[in-house]
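User: I am new to this structure and would like a close look at a single strand. Please describe how it is covered and what lies on either side of it.

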Amino acid sequence: MSWVGAEMGNHHGGHSHVTPGTATGRHRKKLVIVVVITVAIVLIQVIGAVVSGSLALLADAGHMLSDAAGVSLALLASWFATRPATAKRTFGMQRAEVLAALANGVALMVIAVVVFIEAVKRFGDVGEIHTGVMLVAAALGGAANLVCLLILRSGQKESLNVRGAYLEVLGDLLGSAAVVVAAIVIATTGYRNADPLASMAIALMIIPRAWSLLREVIDVLLETTPNHIDLDRLRTHITDVQGVVDAHDIHVWTLTSGVPVFSAHVVVEDATLTAEGMDAVLDRLIHCLSTHFDTDHCTFQLEPLSHARHEREQHA
């Protein structure tokens, strides 16, 4: 026997393991509440923008509409992610959440560019603005965004999609604040260019948040080692397990938010390759990764020490 493969997912021998749902799925109800609140505020701000003539308020409404669409897409993707694995899609459709986050990030970037261009065109040519309506609509939007932030705060560290929604709502809150300031400036000084300036500020606030989200999505799609995992430290933990001699071909990547995946070739002492010995080594390895690295989906290829030379010739 040259090698033995073993995977820890739903079960290993007589030891059962519960495969957790995706991170977005665990916060689905929160996302639904955020969508409902956001859509209601979008309607208020669109009406307010039309009545007041404020581009900044319309830009904030457009941003919030994008947020609502993005979160709705994330919810749809989280439902797809619960679909069972098939022979064609062995991991199911969990990556749908990452694709939703990608679409969300791209949409944010496009909106930011469009808003900025429109604000530049309008600068110096601003019509009459009814600041009272503008101020009330922006204040309502800010209050709603604050509520949404509190709802999403606990889940934004676990899921890319929840984090995307959290960042968008944070941007909306800052955008609403910019509109409030612009309304006050126009009302007290008559300086109407405060409206396109607020629009530019909103656009500039969106861009770095969109890029941050896109960068995280790209890392997942490129199967980059998750930030919370130190590969050298992980290798040391594995080789410190009783019965393990060495480890190579170690790969750690993220399938979707909250679902890290691990695989490795583990060289063990020849005497370990008995049914009882393999079971004990696998239990130790699984316990090590789940305890120290929060990684439950692990695949190990156990190789006897006598086969190690051949493995090194095959793998870089």
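Analyst: A parallel pairing is a good place to start: strand S5 is joined to strand S6, residues 297-304, by 8 bridges, and the two run parallel. Within this pairing, valine 267 has glutamate 303 of S6 standing opposite. The model is a predicted one.

S5 itself covers residues 259-268. The strand also pairs with S4, residues 244-256, this time in the antiparallel sense and over 9 bridges. Here serine 263 of S5 stands opposite histidine 251. S5 therefore has two pairing partners, S4 over 9 bridges and S6 over 8, where a pairing takes at least two bridges.

Next comes the question of cover. Of the 10 residues in S5, 10 are buried, which means that each has under 20% relative accessible area. In a regular strand, side chains alternate between the two faces of the sheet. For S5, one side holds Val259, Val261, Ser263, His265 and Val267, and the other holds Pro260, Phe262, Ala264, Val266 and Val268. Both of these faces are covered, with every residue named on them buried.

For the wider setting, the protein chain has 10 helices and 6 strands. Of its 316 residues, 47% count as buried. Among contacts between residues at least 6 apart in sequence, 75% join residues at least 24 apart. The accessible surface of the chain comes to about 15200 Å², and carbon and sulfur atoms account for 63% of that surface.

Note on methods
Residues numbered from 1 in each chain as written. Predicted model: local features only at pLDDT ≥ 70, side-chain atom pairs only at ≥ 80, totals over all residues. Heavy atoms only, no water. Buried < 20%, exposed > 50% of the residue type's maximum accessible area, 1.4 Å probe, protein only. Helix = DSSP H or I, 4+ residues; strand = E, 2+ residues; numbered from the N terminus. Contact = heavy atoms within 4.5 Å. Areas by Shrake-Rupley, 256 points an atom, 1.4 Å probe, with all protein chains shown as cover.
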